[in-house]
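I opened this entry to keep track of what I looked up in the structure. The notes follow the order in which I worked.

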Amino acid sequence: RVDQELPRLQRAADGGWVPARAVVERALAQLDGQLGPAREGPYFEPFRRLPASIPADAQAALQARALALIEQQVLPAQRRLRTFIAERLLPRAPAE
């Protein structure tokens, strides 16, 4: 989904629709907080607290699949979004 939104964000920026610098900096800080190690990040959080009603082997399988998807799809997309914001929006962001 991120890759579908980046061209829209670029068109908006080209049209002068760029948030204020403080907003862009907060977005970057939020993304930075999400881009740590996959197992420790917010996307894996639900898989750290699976209910006891799910057998341990099923929990392990769910966690392994989630970790793989987060590492292979979610975090790379978030990194692309962060790069776009840092390189294309931040330089254009007005002070206010």
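**Arg 48 and Glu 45**

I began with helix H3 (residues 45-48), where Arg 48 and Glu 45 sit three residues apart, so about one helical turn separates them. I recalled the general point that an α-helix has 3.6 residues a turn, so residues three or four places apart point the same way. I then looked up the pair itself: Arg 48 and Glu 45 form a salt bridge, with the closest N and O atoms 2.5 Å apart. I noted that the model is a predicted one.

I checked the exposure of both partners. Arg 48 has a relative accessible area of 38% and is partly exposed. Glu 45 is also listed as partly exposed, at 29% relative accessibility.

**Salt bridges elsewhere**

I asked how many salt bridges the count comes to. The count is eight salt bridges.

I found one network in which salt bridges with shared partners join Arg 1, Glu 5 and Arg 8. Within it I looked at Arg 8 and Glu 5, whose closest N and O atoms are 2.7 Å apart in a salt bridge. Both lie in helix H1 (residues 2-14), three residues apart, which puts about one helical turn between them. Arg 8 is partly exposed, its relative accessible area being 43%. For Glu 5 I noted 26% relative accessibility, which counts as partly exposed because the buried class is under 20%.

I next took the pair Arg 92 and Asp 14, whose side chains meet in a salt bridge at 3.1 Å, N to O. This pair links distant parts of the chain, 78 residues apart: Asp 14 belongs to helix H1, and Arg 92 to the segment after helix H4 (56-89). Arg 92 counts as partly exposed at 42% relative accessibility.

**Gln 10**

I stayed with Asp 14 and looked for its other side-chain partners. One of them is Gln 10, joined to Asp 14 by a polar contact of 2.8 Å between side chains. Gln 10 lies in helix H1. I asked whether Gln 10 is buried or exposed. Gln 10 has 16% relative accessibility and counts as buried, because the cut-off is under 20%. Not counting residues up to four places away in sequence, Gln 10 touches Phe 84, Arg 88 and Arg 92. I noted that Arg 92 is also the salt-bridge partner of Asp 14.

**Helix H4**

I turned to H4 and asked where it bends. The bend is about 40°, at Ile 70. Ile 70 is one of the buried residues of H4, and others in that list include Gln 59, Ala 66, Leu 67, Leu 75, Leu 81 and Leu 89. Phe 84, which Gln 10 touches, is buried as well. I looked up what the buried residues of H4 pack against, and found H1, helix H2 (21-34) and H3.

Arg 80 also lies in H4, and I noted it as partly exposed, with a relative accessible area of 36%. Leaving aside neighbours within four places in sequence, Arg 80 is in contact with Asp 3 and Leu 6. I also took a C-alpha distance: Arg 80 and Phe 44 are 36 residues apart along the chain, and 19 Å separates their C-alpha atoms.

**Gly 33**

I checked Gly 33, which is found in helix H2. Gly 33 counts as exposed, at 59% relative accessibility. The C-alpha atoms of Gly 33 and Val 18 are separated by 22 Å, with their positions 15 residues apart along the chain.

**Whole chain**

I closed with the overall values. The protein has four helices and zero strands, and its elements run α-α-α-α from the N terminus on. Its radius of gyration is 17 Å, well over the 12 Å that the globule rule gives for 96 residues, so the protein is more spread out than a compact globule. Along the principal axes, the C-alpha atoms fill a box of roughly 55 × 25 × 20 Å.

Of the 96 residues, 27% count as buried. The protein exposes about 6,400 Å², and carbon and sulfur atoms supply 55% of that area. Among contacts with a separation of 6 or more, residues 24 or more positions apart account for 73%.

Notes. Residues numbered from 1 in each chain as written. Predicted model: local features only at pLDDT ≥ 70, side-chain atom pairs only at ≥ 80, totals over all residues. Heavy atoms only, no water. Salt bridge = Lys/Arg side-chain N within 4 Å of Asp/Glu carboxyl O. Helix = DSSP H or I, 4+ residues; strand = E, 2+ residues; numbered from the N terminus. Buried < 20%, exposed > 50% of the residue type's maximum accessible area, 1.4 Å probe, protein only. Polar contact = N/O pair within 3.5 Å; in protein donor to acceptor, adjacent residues only side chain to side chain. Contact = heavy atoms within 4.5 Å. Bend = angle between axes of the 7 residues up to and from the residue. Rg over C-alpha atoms; globule rule 2.2 N^0.38 Å. Areas by Shrake-Rupley, 256 points an atom, 1.4 Å probe, with all protein chains shown as cover.
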